[in-house]
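Reader: I would like a close look at a single part of this model. Please keep to geometry and contacts, and go through them in a connected order.

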Amino acid sequence: MVPAATHSGAPDTLAQARAALRDVVPSLVALVRSVPDANSASVGTWTVGDVAAHLSHVFRFDTDALAGKPVPQAIVTTAGMADVNAKMLAEDGERDPAVLADRIGTLANEFDAVASRSRSATVDWLQGVRLPTSAVACHLLEECLIHGHDIARVTGRPWPIQRHHALLAIEGAALPLIAALPPTAFLNQEKASSFRARFEVRLRGGGRTLLVFDGGSLTLDAAGARDVDAHISADPPALMLVFIGRQGIWKPLLGGKLATWGRRPWKLARMFTVISPP
């Protein structure tokens with residue numbers, strides 16, 4: 001068992017996240033610049049222009065967090081983040097892809113410069129949560145990977161997600177956030193209230209984590225893979241896309257990107273219906 005805390009605080013994780021962002025951002029900037037119509041529908045009610053503008057907002061507040069500056073007031077749940085994101089989008093009228101591409105590139109350089117000077121092990125993030133500096137960088141990487149996927153899907157351009165980038169996003173950001181936030185934050189409370197299950201997740205190329213669902217709460221258990229309903233072996237890019245709701249589970253299961261076994265493997269499908277990431 002490798003608990004989330006093991007992944008989140010090591011100095012080399014910050015260095016790896018910075019290197020990953022330097023790999024990803026140029027492709028992301030080029031992708032945003034290539035958008036032919038900023039008004040094309042993308043994800044949910046957002047247009048492609050909305051997605052690009054939102055990405056710039058994430059760069060801004062994650063940079064501010066590392067710099068010790070105030071970050072937006074937000075409750076980190078699906079509804080809470082929808083509210084704060086909508087407010088930031090309403091206050092920012094820029095949707096021109098070329099302008100937003102330049103903005104993201106500039107903000108990425110600023111983030112890397114601030115991260116290079118950071119000497120704090122932890123920083124204040126949204127909802128007053130204290131996070132490892134590396135977790136903020138990995139969160140920014142996760143946002144780039146996911147929203148790059150959203151934009152590429154609309155434009156028809158490729159957006160390959162490298163395994164070690166997705167692994168950083170999951171182990172360096174998602175797991176530390178689950179550990180730091182209230183146990184209700186990542187769940188649809190209406191659907192999760194009657195769900196109880198324990199899953200051992202084995203990330204290919206990474207570690208193992210035990211996810212415990214207990215009547216509306218989600219926690220990480222470092223005690224070992226005992227009383228497990230199912231074991232999950234997952235390719236990190238596939239798990240990230242399924243977890244964040246960008247892909248269903250059946251294609252990666254049939255393609256071998258996800259595999260499950262154990263006493264109650266059918267609970268895996270239910271798990272992805274109760275998860276509601278912020």
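How many bridges join E3 to E4, and do these strands run parallel or antiparallel? Please start there and work outward through the sheet and the side chains around it.

Author: The model is predicted. Seven bridges join E3 to E4, and the two strands run antiparallel. Strand E3 covers residues 196-203, and strand E4 covers residues 208-214. Four residues lie between the strands in the hairpin of E3 and E4, where glycine 205 takes a positive phi near 90 degrees. Across this pair of strands, arginine 202 stands opposite arginine 208 in E4.

Both of these arginines have a salt bridge to glutamate 200. Glutamate 200 is found in strand E3. The salt bridge from glutamate 200 to arginine 202 has its closest N and O atoms 2.8 Å apart. The side chains of glutamate 200 and arginine 202 are also joined by a polar contact of 2.8 Å. In the salt bridge between glutamate 200 and arginine 208, the N to O distance is 3.5 Å.

The accessibilities of the three residues can be set side by side. Glutamate 200 has a relative accessible area of 3% and is buried, because buried means under 20%. Arginine 202, with a relative accessible area of 25%, is partly exposed. Arginine 208 also counts as partly exposed, at 37% relative accessibility. The carboxylate partner is therefore buried, while arginine 202 and arginine 208 are partly exposed.

On the other side of E4 comes E5. Four bridges join E4 to E5, and this pair too runs antiparallel. Three residues lie between the strands in the hairpin of E4 and E5, and glycine 215 takes a positive phi near 60 degrees there. Two of the cross-strand partners can be named. Phenylalanine 213 has leucine 218 in E5 as its bridge partner, and leucine 210 stands opposite aspartate 221 in E5. As for burial, five of the seven residues of E4 are buried, so the strand is largely enclosed by the rest of the structure.

Phenylalanine 213 also takes part in an aromatic group. Ring pairs link Phe213 with Phe195 and Phe199 into a cluster. The count of aromatic pairs comes to five.

The two hairpins belong to a wider arrangement. Five strands form an open sheet with mixed pairing, in the order E5-E4-E3-E6-E7. Its edge strands are E5 (218-221) and E7 (258-261), each of which pairs on one side only. Direction ignored, neighbouring strands of the sheet are turned by 25 degrees against each other on average. Helix H7, residues 163-180, packs on the sheet and touches E3, E4 and E5, with its direction at about 110 degrees to that of E5. Helix H9, residues 236-243, packs on the sheet as well; it touches E3, E6 (230-234) and E7, and its direction makes about 145 degrees with that of E3. E3 is thus touched by H7 and by H9.

For the charged pairs, the whole structure can serve as context. A search of it finds 17 salt bridges. One of them joins arginine 60 to glutamate 110, with the closest N and O atoms 2.7 Å apart. Arginine 60 lies in helix H3 (residues 48-67) and glutamate 110 in helix H5 (residues 97-117), so this pair ties together parts that are 50 residues apart in sequence. Arginine 60 is partly exposed at 29% relative accessibility, and glutamate 110 is partly exposed at 28%. In this pair the carboxylate residue is partly exposed, whereas glutamate 200 in the hairpin is buried. Elsewhere, salt bridges link Arg18, Arg22 and Asp112 in a network.

One further site lies in a loop. Threonine 47 is placed between helix H2 (11-33) and H3, and it counts as buried at 18% relative accessibility. Leaving aside neighbours within four places in sequence, threonine 47 is in contact with Ala38, Asn39, Ser40, Ala41 and Ser42. A polar atom of its side chain lies 3.3 Å from the backbone oxygen of alanine 38.

Definitions and conventions. Residues numbered from 1 in each chain as written. Predicted model: local features only at pLDDT ≥ 70, side-chain atom pairs only at ≥ 80, totals over all residues. Heavy atoms only, no water. Phe/Tyr/Trp six-rings, centres within 6.5 Å; stacked < 30°, edge-to-face > 60°. Salt bridge = Lys/Arg side-chain N within 4 Å of Asp/Glu carboxyl O. Buried < 20%, exposed > 50% of the residue type's maximum accessible area, 1.4 Å probe, protein only. Polar contact = N/O pair within 3.5 Å; in protein donor to acceptor, adjacent residues only side chain to side chain. Contact = heavy atoms within 4.5 Å. Pairing = 2+ DSSP bridges. Axes fitted to C-alpha atoms, helices over the stretch in contact; angles between N-to-C directions.
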